[in-house]
Structure formats: structure tokens, C-alpha cells
Amino acid sequence: MHPGLIVAKLVTMVLGFLIAFQAYRGYRRSDSQSMLYLAVGFAIISFGAIVEGILFDVVGLTFHNAGTVATTIVAIGMLTILYALYGRDSKKLEE
């Protein structure tokens, strides 16, 4: 993998985890399930940002298979964020 691409993927991962951390802090402050799902979704997407390179360079998967796994992980993260935005929030149901 090219050094520039490694740096770009690491920056993307760090930014994603920072967003996930802030969402988690929001969950702790507001006790909102939606914020927790948002934090988990961004954490999953952030992991998906680097997993392709790891699977290709370290594990030895083909580029196609590594890309398929990475895309699936990112899609799961996006579905989690979608649930955070449109799912039911248990705190609002209690009111």
C-alpha cells in the first residue's frame, strides 16, 4: 500500500473515532439511545476505513475480497447510523 494512502486512511479513521467519541459523550449526557447508536455506527465505519488495507496487505486476501469485506462493514455502520436517525428512542417512548 502506498504511504500516502495509509496516511489518508489513518486520518479518516482517527476523525471517525473522534466523532464516535463525541457522540458517546452526548449519549452519556443525554442518556439517548440514538446517540449511542450514532457512536457505534461511526466507530464501525471508522474501522471499515482501514480494514481493507489490513486484509489485503497483512492477511493476504485478494483486493476484491478485501474490498467486499470493507464495504460490508461500512454498510453495517451506515445502517446503524440510519437506525439512530430513524429508529425509536426509548427515552421518548417513556414520556
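This report walks through the helices of one predicted model and how they pack.

Residues are numbered from 1 along each chain as its sequence is written. Because the model is predicted, local features need pLDDT of at least 70 and side-chain atom pairs count only at pLDDT 80 or more, while totals for chains, interfaces and linings use all residues.

Let's begin with confidence. The chain averages a pLDDT (the predictor's confidence in each residue, from 0 to 100) of 90, and 92% of the residues score at least 70. Among the elements of the chain, helix α3 (residues 63–86) has the highest mean pLDDT, 95, and helix α4 (residues 90–94) the lowest, 54. Where pLDDT is low, the predicted coordinates should not be read in detail. Helices here are DSSP runs (H or I, at least four residues), numbered from the N terminus.

The unreviewed UniProt entry annotates residues 6–24, 36–56 and 68–86 as "transmembrane region"; such annotations may be inferred rather than shown by experiment. Two of these spans compare like this:

| Span | Helix | Strand | Distance between end C-alpha atoms |
|---|---|---|---|
| Residues 6–24 | 100% | 0% | 27 Å |
| Residues 68–86 | 100% | 0% | 26 Å |

Now for the packing. Axes are lines fitted to C-alpha atoms, for helices over the stretch in contact, and angles run from 0 to 180 degrees between N-to-C directions. Helix α1 (residues 3–30) and helix α2 (residues 33–59) cross at roughly 165 degrees, and their axes come within 8 Å. The pair is therefore roughly antiparallel (angles over 145 degrees). Contact means heavy atoms within 4.5 Å; among the residues that meet are Phe 17 and Tyr 24 in α1, and Phe 42 and Phe 47 in α2.

How do α2 and α3 pack? Their axes lie 7 Å apart, at an angle of about 175 degrees. α2 and α3 are therefore also roughly antiparallel to each other.

Key:
Side-chain values use heavy atoms; hydrogens and water are left out. Helices (H or I, at least four residues) and strands (E, at least two) are DSSP runs, numbered from the N terminus. Angles under 35 degrees count as roughly parallel, over 145 as roughly antiparallel, 65 to 115 as roughly perpendicular and the rest as oblique.
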